[in-house]
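Please look through the sequence and the three-dimensional structure shown below before reading on, and keep both in view while the text leads you from single residues to the whole chain.

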Amino acid sequence: MKDIITNSFIKLWEEKDYKDITVTMICSSVPISRTAFYRYFKDKKSIVRYFVRRDYEANCFPVFRFHLKERGTRFFFSHISDQKKIYLKIYEIDDGMLLFQSLIAAYRVGFERRKEYSNPTNWVDRTFDPEIFFEYACTGIASVILYWIRNGMKPSEDRMAKNLYIMISESLEKVRDNYT
């Protein structure tokens, strides 16, 4: 039912401004009762968050499972570029804040499922808190995407992919100290 509601919302959004779409309109387009709607979503923003997460899980996350390195990050930017219209609309709701929050939640799912695509090592540092890393990594990746969208999806997908791959595969110290 969440997918049906989300798809109906997206169709409405193609015809109307976000601010003009009401829960009543969404319920009428499905059709479901308001009570049923609230069983699945809190509000329109929660539909957007769900859409971004669903889109990431279906279209971007699977690529990382194949260890494509920089090609994986390139696909990631290509996918967002292919879906430019909807991602720009999400960005425009509130200058990127909802998109930022939605991307963080989506990437967090990717990190939680990392055993499906990563090659863990035996390094164990009991003073290291994985939750802090997840927060740092997810907000960093979301910030890079927002930067790219805010700048009209410039530089190119290839350049963004290369930069993101370096940031996620090299140590922060190495990237910081070799920045020129």
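A good place to begin is H79, a residue that lies in helix α5. The model is a predicted one, and in this model H79 has a relative accessible area of 9%, which is under the 20% below which a residue counts as buried, so H79 is buried. What does H79 touch, if residues up to four places away in sequence are not counted? Its contacts are with D55, N59 and C60.

The helix around this residue can be examined next. Helix α5 has 13 residues, and at 1.5 Å a residue these should span 18 Å; because the C-alpha atoms at its two ends are 18 Å apart, the expected span and the model agree. H79 has buried company in α5, for the buried residues of this helix are G72, T73, F76, F77, S78, H79 and I80.

From here we can turn to the empty space inside the model. Rolling a probe the size of a water molecule over the atoms is a way to show where such empty space is left. In this structure there is one cavity of 30 Å³ or more, and the largest cavity has a volume of about 60 Å³. Its lining is made up of V52, D55, Y56, C60, F76, H79, I80, Y87, L103, A106 and Y107, so that H79 appears again, together with D55 and C60, among the lining residues. Three helices, α4 (44-64), α5 (70-82) and α7 (97-112), are the elements that give two or more residues to this lining, and the largest share, four residues, comes from α4. Sorted by class, the lining holds nine nonpolar residues, one polar residue and one charged residue.

Another residue to find in the structure is A142, which sits in helix α8. Is A142 buried or exposed? With a relative accessibility of 0%, A142 counts as buried. Leaving aside residues up to four places away in sequence, A142 touches F100, L103, I104 and Y107, and two of these names, L103 and Y107, also occur in the lining of the largest cavity. The pair A142 and I104 shows how the fold brings parts of the sequence together, since the two are 38 residues apart along the chain while their C-alpha atoms are 5.9 Å apart in space.

Helix α9, which covers residues 157-169, offers a further case for the same kind of reasoning about length: its 13 residues, at 1.5 Å each, should span 18 Å, and its end C-alpha atoms are 18 Å apart, which agrees. Within α9, the residues M160, A161 and L164 are buried. Seen down the axis of α9, these buried residues fall within an arc of 100°, and therefore they line one face of the helix. The buried residues of α9 pack against α5 and α8 (130-150), which links this helix to the two in which H79 and A142 are found.

Finally, we can step back to the whole protein chain, which contains 10 helices and zero strands. Along its principal axes the C-alpha trace spans about 55 × 35 × 25 Å, and of the 180 residues in the chain, 37% count as buried. Among the contacts between residues at least 6 apart in sequence, 69% join residues that are at least 24 apart, and the pair A142 and I104, at 38 residues apart, can serve as an example of such a separation.

Technical notes: Residues are numbered from 1 along each chain as its sequence is written. This is a predicted model: local features need pLDDT of at least 70, side-chain atom pairs count only at pLDDT 80 or more; totals for chains, interfaces and linings use all residues. Side-chain values use heavy atoms; hydrogens and water are left out. On a 1 Å grid over the protein atoms alone, a cavity is a set of points where a 1.4 Å probe fits but cannot get out, and a pocket is an open set with protein on both sides within 12 Å along at least five of seven lines; lining residues have an atom within 4 Å of a point. Grid points are joined across faces, edges and corners, and a volume is the space filled by probe spheres set on the points. Ala, Val, Leu, Ile, Met, Phe, Trp, Tyr, Cys and Pro count as nonpolar, Asp, Glu, Lys and Arg as charged, and the others, Gly among them, as polar. The expected span of a helix is 1.5 Å times one less than its number of residues. Buried means under 20% relative accessible area, exposed over 50%, partly exposed in between (1.4 Å probe, protein chains only). The arc is that of the directions from the helix axis to the C-beta atoms. Contact means heavy atoms within 4.5 Å.
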